[in-house]
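Please open the model in your viewer, with the sequence panel beside it, and follow the stops below in order. At each stop there is something to select and then a short account of what is there.

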Amino acid sequence: MSSTSSFTKFYDTWFDQLNQLLEQLRTAPKPPSSQDDRSHLSSLAQKIVSHYAEFYRVKSMAIESDVLSVFTAPWASCFERSLHWIAGWRPTTLFHLVYTESSILFEFHIADILKGRSTGDLGDLSPNQFRRVSELQCETVKEENAITDLGDKVGRLVSVVKKADDLRLRTIRRVVELLTTQQAVEFLAAAGELQFGVYGWGRKLDHRPCQGA
């Protein structure tokens with residue numbers, strides 16, 4: 001079995017397992033009403049972050065074996081590939097996701113918030129959390145730009161893709177660290193739903209060939 005076929009098989013299994021983890025998030029009690037609930041949510045969040053870490057561990061080996069195949073991502077749909085930045089999603093996408101989810105939940109709970117009631121979700125981010133998220137976003141943009149500047153040097157492609165993947169994983173971990181347990185699981189659930197939405201839409205479009213294919 002070629003390295004590409006092997007990674008494609010791994011990706012399919014990994015993706016199914018991600019869906020199972022997200023289903024556990026969907027059915028978990030939110031907001032947590034007991035210490036057991038909080039422990040359960042924290043465990044689920046860590047499992048999902050570890051699941052992403054495993055993906056990038058295996059992907060790193062595939063990059064070493066055949067970086068061009070990983071870069072072109074034949075296991076992804078045409079639509080998914082059209083959204084890629086250096087063989088994967090752009091790390092700063094996560095910050096847009098946080099801001100969007102926070103805005104939606106803030107509007108949903110605005111009556112409670114105006115009465116001083118804490119909702120504890122992403123709509124209830126503290127000023128300090130917003131500041132830290134904004135600072136992390138600026139740092140991530142700088143790292144994205146630095147990696148992009150390396151991308152025109154084909155001989156460094158293995159290093160470039162690995163740097164991009166490292167930034168993706170570090171961004172997930174650092175955003176989760178800035179959030180409370182409830183906020184973290186809401187963020188991870190939203191990120192997963194976005195990923196599955198792009199995946200599903202891409203598969204619907206895949207009956208048509210890519211332009212220039």
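Select S102 and display its surroundings: once neighbours within four places in sequence are set aside, S102 is in contact (heavy atoms within 4.5 Å) with L122, G123, L125 and F130. S102 is found in helix α5, residues 93–108, where helices (H or I, at least four residues) and strands (E, at least two) are DSSP runs numbered from the N terminus. With a relative accessible area of 4%, S102 is buried; buried means under 20% relative accessible area, exposed over 50%, and partly exposed in between, computed with a 1.4 Å probe on protein chains only.

Before going further, please note that this is a predicted model, in which local features need pLDDT of at least 70 and side-chain atom pairs count only at pLDDT 80 or more, while totals for chains, interfaces and linings use all residues. Residues are numbered from 1 along each chain as its sequence is written, and side-chain values use heavy atoms, with hydrogens and water left out.

Now zoom out and colour by secondary structure. The protein has 9 helices and 0 strands, and read along the sequence it follows the pattern α-α-α-α-α-α-α-α-α. Buried residues make up 40% of the 213 residues, and of the contacts with a separation of 6 or more, 76% are between residues 24 or more positions apart.

Next, select V70, which has its place in helix α3, residues 67–72. V70 counts as buried, at 3% relative accessibility, and, leaving aside neighbours within four places in sequence, V70 is in contact with K59, A62, I63, W75 and A87. Measure in your viewer from the C-alpha atom of V70 to that of T4, and you should find 7.5 Å between two residues that are 66 residues apart along the chain.

W75, one of the contacts of V70, leads on to T8, since selecting these two shows C-alpha atoms separated by 5.6 Å and 67 residues apart along the chain. T8 has its place in helix α1, residues 3–27, and with a relative accessible area of 21% T8 is partly exposed.

A87, another contact of V70, is the next selection, together with I86. Both I86 and A87 belong to the loop between α4 and α5. I86 has a positive phi of about 50° although it is not a glycine, and A87, likewise a residue other than glycine, has a positive phi near 65°. As for accessibility, I86 is buried with a relative accessible area of 13%, and A87 is buried with a relative accessible area of 7%.

Turn now to the pair formed by helix α7, residues 127–150, and α8, whose axes come within 10 Å and cross at roughly 180°. Axes here are lines fitted to C-alpha atoms, for helices over the stretch in contact, and angles run from 0 to 180 degrees between N-to-C directions. That makes α7 roughly antiparallel to α8, given that angles over 145 degrees count as roughly antiparallel, under 35 as roughly parallel, 65 to 115 as roughly perpendicular and the rest as oblique. Among the residues making the contact are R132, L136 and E143 of α7 and K163, L167 and R174 of α8. The contact divides into 9 nonpolar, 3 polar and 7 charged residues, where Ala, Val, Leu, Ile, Met, Phe, Trp, Tyr, Cys and Pro count as nonpolar, Asp, Glu, Lys and Arg as charged, and the others, Gly among them, as polar.

Keep α8 (residues 157–178) selected and add α9: the two pack at an angle of about 145°, with their axes 8 Å apart. The contact is made by I172, V175 and V176 of α8 and A184, F187 and L188 of α9, and these residues divide into 6 nonpolar, no polar and no charged.

For the last stop, which helix has an axis that comes within 9 Å of that of α9 and crosses it at roughly 40°? Helix α2, residues 35–65, does so against α9, residues 181–205, and the two helices are therefore oblique to each other. Residues to display include R38, L41, A45 and Y52 of α2 and V185, L188 and Q195 of α9, and the contact as a whole divides into 7 nonpolar, 3 polar and 1 charged.
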